[in-house]
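Me: I've got a structure open and I'd like to talk through how the ligand is held. Can you take me through it?

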Amino acid sequence: MNFTGSHILSIKQFERADIERVFEVADSMAPYALRRKVTRVLEGAILGSMFFEPSTRTRISFGCAFNLLGGEVRETTGFENSALAKGESLHDTARVLSGFSDVICMRHPKSGSVAEFAQASRVPVLNGGDGANEHPSQALLDLYTIRKELASKGRGIDGLRIAMIGDLRYGRTVHSLCKLLLLFNNIQVILVSPPELAMPESIVEQMRAAGHSVSITEDLPQSISHVDIAYSTRIQEERFDSQEEADIYRGRFRLNQAIYTQYCEPNTVIMHPLPRDSRANANELDNDLNQNPNLAIFRQADNGVLIRMALFSLVLDVVDQVHKSARDVNWYNSLRTP
Ligand code: CP
């Protein structure tokens with residue numbers, strides 16, 4: 001794909017070479033993300049950040065990524081703080097905000113809404129999650145994390161064995177990740193969910209058509225016993241009609257250290273897009289896994305900054321200039337632990 005000026009709305013836009021390019025640029029962003037070096041390549045540029053659903057990681061890491069490239073961030077969160085609450089259309093909001101910004105990132109609860117917004121935008125729009133549909137930057141950072149974690153074990157992405165666990169119906173991160181895995185070879189996917197929260201059939205069909213092995217189960221111990229990655233997800237309570245309905249499924253697939261020790265192969269990597277639901281009736285990834293070195297969830301979140309720096313640099317066509325405007329930092333935060 002030609003990244004320059006492109007909206008990033010869906011994983012379907014990417015070819016395998018594009019993924020490799022994003023990862024290569026993400027690797028090169030490490031000195032800036034770690035605050036060892038400073039670049040001012042996007043000095044004077046403005047990111048418009050609009051999140052109409054709650055977010056910690058995606059919103060802040062998009063903002064950090066833009067700041068680390070030297071740009072400024074202007075943001076609005078929640079419908080109640082925007083003129084959408086006064087009946088303004090996505091079209092008009094896009095026309096106005098794209099006049100103020102050089103690039104926009106957006107999260108919205110309705111599937112397809114970010115693409116609708118992008119049609120009226122005068123600048124590139126990056127999808128930060130649209131309803132139960134897609135979360136492309138999350139899928140990229142998930143696969144980047146998988147690549148890094150497996151590389152340290154001498155493995156690549158082709159031949160990956162992964163269990164996806166939890167709410168696979170409404171979990172947009174697993175939808176995007178499955179679409180991304182279509183670009184790779186010989187993937188074994190085990191889908192673990194209640195039947196009511198199963199992965200959409202269209203995505204299962206696409207994976208099988210790509211030659212991947214897909215099995216569907218409700219048996220957590222069996223599903224995690226021969227995989228490289230156990231990827232857990234939260235019950236997406238905000239997509240249910242009521243909390244009571246979400247409660248039916250909450251806590252159905254809990255992974256803790258005892259289960260890990262009993263069933264997983266040594267060095268099975270545990271991932272989760274976060275937030276994990278740590279309330280007692282959910283607790284899909286127990287806190288007793290926090291000392292497990294194969295718990296990659298915080299490395300995964302850290303990788304989000306690298307991937308989002310890469311996406312901004314590619315879309316705004318400044319990759320070659322990032323390092324030209326680089327200098328060493330005048331300070332180093334020695335109190336920051338890995
Ligand atoms: N993974 C993710 O999308 O997290 P946030 O909802 O905190 O952005």
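Me: Which backbone comes within 2.9 Å of a nitrogen atom of the ligand?

Reply: Keep in mind that this is a predicted model. A ligand nitrogen atom sits 2.9 Å from a backbone N or O atom, and the residue supplying that backbone atom is Pro-273.

Me: And how much of the ligand does the protein bury?

Reply: Start with the ligand taken alone, which exposes 250 Å². Of that area, the protein buries 92%.

Me: Which side chain has a polar atom 3.0 Å from a nitrogen atom of the ligand?

Reply: Two side chains are worth a look here. Ser-55 has a side-chain N or O atom 2.6 Å from the ligand, but its partner there is an oxygen atom. For a ligand nitrogen at 3.0 Å, the polar side-chain atom belongs to Gln-138.

Me: What's the class make-up of the shell around the ligand?

Reply: The residues around the ligand include Thr-56, Arg-57, Arg-107, His-135 and Leu-274. Sorted by class, the shell comes out as three nonpolar, five polar and two charged residues.

Me: Which domains does that shell draw on?

Reply: The domain assignment splits the chain into 11–134 + 303–328 and 136–298. At least three shell residues come from each part, so to speak from domain 1 and domain 2.

Me: How many residues of each domain are in contact with the other?

Reply: The C-alpha centres of the two domains lie 25 Å apart. Counting contacts between them gives 29 residues of domain 1 and, from domain 2, 26 residues.

Key:
Residues are numbered from 1 along each chain as its sequence is written. This is a predicted model: local features need pLDDT of at least 70, side-chain atom pairs count only at pLDDT 80 or more; totals for chains, interfaces and linings use all residues. Side-chain values use heavy atoms; hydrogens and water are left out. A residue is near a molecule or strand if one of its heavy atoms lies within 4 Å of it. A polar contact is a pair of N or O atoms within 3.5 Å; within protein, one must be able to donate a hydrogen and the other to accept it, and residues adjacent in sequence count only if both atoms are side-chain atoms. Accessible areas come from the Shrake-Rupley method with a 1.4 Å probe; for residues, only the protein chains shown count as cover. Ala, Val, Leu, Ile, Met, Phe, Trp, Tyr, Cys and Pro count as nonpolar, Asp, Glu, Lys and Arg as charged, and the others, Gly among them, as polar. Domain bounds come from an automatic or database domain assignment. Contact means heavy atoms within 4.5 Å.
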